[in-house]
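Reader: Please take me closely through the backbone of one part of this model. Start with the unusual spots and work out to whatever surrounds them. Then set that part in the whole.

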Amino acid sequence: MAVVAGALLAAGTAVPAGGDPAPAASAMDTIVPAPESVTPDPAANFELSEQTAILAPGEAAGVGEYLAGVLRPSTGFPVPVNPALPGTGDIALALDGDPGLGPEGYRLQVADDAVQVHATSPDGLFNAVQTLRQLLPAGIESATAQPGPWTMPGGEITDKPRFGHRSAQLDPARHFFTVDMVKRYIDQIAKYKINKLHLHLTDDQGWRLQINSWPRLTEFGAQTEVGGTPGGFYTQQDYSEIVDYAASRHMTVIPEIDMPGHTNAALSSYAELNCDGVAPPPYTGIDVGFSSLCVNKDITYTFVEDVIREVAALTPGPYLHIGGDEAHSTTDEDYVAFMSKVLPLVEKYGKKPLGWHEYGKAAPQGDAALQFWGTTNGDPILNEGIARGNKVLASPANKSYMDMKYDENTPLGLQWAGFIEVADAYGWDPADHLQVPEESVLGVEAPMFSETLETSQHIEFMAFPRLPAIAELGWSPKNTHDWESFKTRLANQGPRWQAAGQDFYRSPQIPWTR
Ligand code: TNX
């Protein structure tokens, strides 16, 4: 990050006798992910007050309301949005940004009498708001009223993302997560400018999305989960509620229906989907690669088309993820035959295919994207795809998998791709690591499979502080990449997570301040 003047001194760090330190204002150079450019102006600190209003005309109003919702509980201030009479010391959000900011960029100016945000779209304003909240003391993240002062450091930030696709994945198939748990995670990751949520909705252990034309998928196939505890599923209304909530956080849902492998829950729900016509029992272990849809049966494609049609109709985003990983019990020939029939169905219902990178074997056409989950520095399949026009989503398992243990003592998680400490999650470059040109990188993802994860606390412990590392690789310009800077900025997030009542792993690599 280009910091033009020296770092600001945190205001209000005096320790009252016998009390907690007064909340510290944040410095302008502590933002995660690192902005493109930062110009502090220590003479221009701004203070939120009882009188502060948010001015957000027209299409900016939604982001204005969202910001007010962040500020009101902890400050206890009324923070009206678009009041008839402007207050003093207002925060103005305007869709008058310079076109050079692009669709998601913003300019944020903090002066002593006002805060001004400029963007070309509500997405850009929303990104600015995530930066703005990090400029306030950590207590701003609390759900209850906290003592001020609510000082923001003066200066200007100009910012836009390196990649337009910055995703996180959840796996409610291995252990089911309620709608409220998914919403909680959406709120936590939106703070780091993640703009896609990939939901792994089906696997051997459970089918989690109601499909009206095949009701037993959830009536039967959703009843269990890993370990044999009761599962669960999203009704179509629940799923739409998640899609809408994500949209309110400027995030697009990418549903994954994994096939032809990872399908025991479907196969156990409908005997006719099995080559031998016999339904296997539900599966509650954590092995992979043993199940396959029956490639040579017509009903398989009726089933797949019905599912794709219903999922596509419920999903506003452009991508539909069709899995394709670990099809170890399908021959290569059958795999390619299967994908060649399925890929046109995705296009037929108006979606672009996304899949785990091995589905590149089926040569998906140009607008499809390959999600790399390997543990090597790349794979020839990626460059073959790029030659066809495919984009690549970077989620190397030994760098970005939030379900890998931090080290041998981590009580949760797996270790098949190795241990991933924060420095490992941060220490790679999406294009260089995949050995592909920058223009072919769609973006980055932090997947989190949930064989060992059952609660929101588990999710938070594994995602934080590593998810912000992946988010920074997706957002920040390459020339800001610097571990010493990152670990110090990350340390500043700890008190924010504490104020928000969110768990995280106190990695010994990070110089936590509290
Ligand atoms: C591999 S990553 C899988 C998943 C497992 C995960 C556990 C990928 C495409 N497939 O089926 O849940 O490892 O980390």
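Author: Start at a proline. In this predicted model, Pro 465 sits in the loop that links α13 (456–463) to α14. The peptide bond leading into Pro 465 from Phe 464 is cis, and its omega is near 15 degrees. Most peptide bonds are trans, and most residues other than glycine have a negative phi. Both kinds of exception turn up in this chain, so keep both in mind.

Go on from that loop into α14, which covers residues 466–475. Helix α14 is among the elements that cover the buried residues of α15. Helix α11 (422–426) and helix α16 (494–499) are also part of that cover. Which residues of α15 are buried? In this helix, residues 483–491, they are Phe 486, Arg 489, Leu 490 and Ala 491. An arginine is on that list along with Phe, Leu and Ala.

Now the other cis bond. The peptide bond from Met 259 to Pro 260 is cis, with omega near 0 degrees. Pro 260 belongs to the loop between β14 (252–259) and α6. His 262 is found in the loop between β14 and α6 too. What is unusual about the backbone at His 262? Its phi is positive, near 55 degrees, and His 262 is not a glycine. So this loop holds a cis bond into Pro 260 and a positive phi at His 262.

Is His 262 buried or exposed? His 262 is buried, because its relative accessibility is 2%. Set Gln 435 beside it. Gln 435 also has a positive phi, of about 55 degrees, and is not a glycine. Its place is the loop between α12 (430–434) and β19 (441–446). Gln 435 counts as exposed, because its relative accessibility is 52%, and the cut-off for exposed is over 50%.

Back to His 262, and to its partners. Val 288 touches His 262. Their C-alpha atoms are 7.0 Å apart in space, while the two residues are 26 apart in sequence. Val 288 lies in the loop between α6 (264–269) and α7 (298–314). Val 288 is partly exposed, because its relative accessible area is 32%. Beyond His 262, the residues that Val 288 touches include Arg 174, Glu 326 and His 328.

Glu 326 deserves a stop. An unreviewed UniProt entry places the feature "active site" at Glu 326. Where is Glu 326 in the fold? It is in the loop between β15 (319–323) and α8 (332–348). Glu 326 counts as buried, because its relative accessibility is 16%, and the cut-off for buried is under 20%. Setting aside residues up to four places away in sequence, Glu 326 touches His 262, Val 288, Gly 289, Glu 358 and Trp 373. So the path returns to His 262, the buried residue whose phi is positive.

Next, the annotated spans. The unreviewed UniProt entry lists residues 163–329 and 336–477 for "domain: Glycoside hydrolase family 20 catalytic". Residues 163–329 are 31% helix and 17% strand, with end C-alpha atoms 36 Å apart. Residues 336–477 are 38% helix and 13% strand, with end C-alpha atoms 38 Å apart. The unreviewed entry also lists residues 31–159 for "domain: Beta-hexosaminidase bacterial type N-terminal". That span is 22% helix and 24% strand, and its end C-alpha atoms lie 11 Å apart.

Last, the whole. The chain has 16 helices and 19 strands. Its radius of gyration is 24 Å, which agrees with the value near 24 Å for a compact globule of 514 residues. The C-alpha trace spans about 75 × 50 × 45 Å along its principal axes. Of the 514 residues, 59% count as buried. Contacts between residues at least 6 apart in sequence join residues at least 24 apart in 73% of cases. About 18200 Å² is exposed, and carbon and sulfur atoms supply 53% of it. The chain carries 33 positive and 64 negative charges, and their mean positions are 1 Å apart.

Terms used: Residues numbered from 1 in each chain as written. Predicted model: local features only at pLDDT ≥ 70, side-chain atom pairs only at ≥ 80, totals over all residues. Heavy atoms only, no water. Helix = DSSP H or I, 4+ residues; strand = E, 2+ residues; numbered from the N terminus. Rg over C-alpha atoms; globule rule 2.2 N^0.38 Å. Buried < 20%, exposed > 50% of the residue type's maximum accessible area, 1.4 Å probe, protein only. Contact = heavy atoms within 4.5 Å. Areas by Shrake-Rupley, 256 points an atom, 1.4 Å probe, with all protein chains shown as cover. Lys, Arg positive; Asp, Glu negative; His and termini not counted. Charge placed at Lys NZ, Arg CZ, Asp CG, Glu CD. UniProt positions renumbered as here; feature names shortened; annotations may be inferred.
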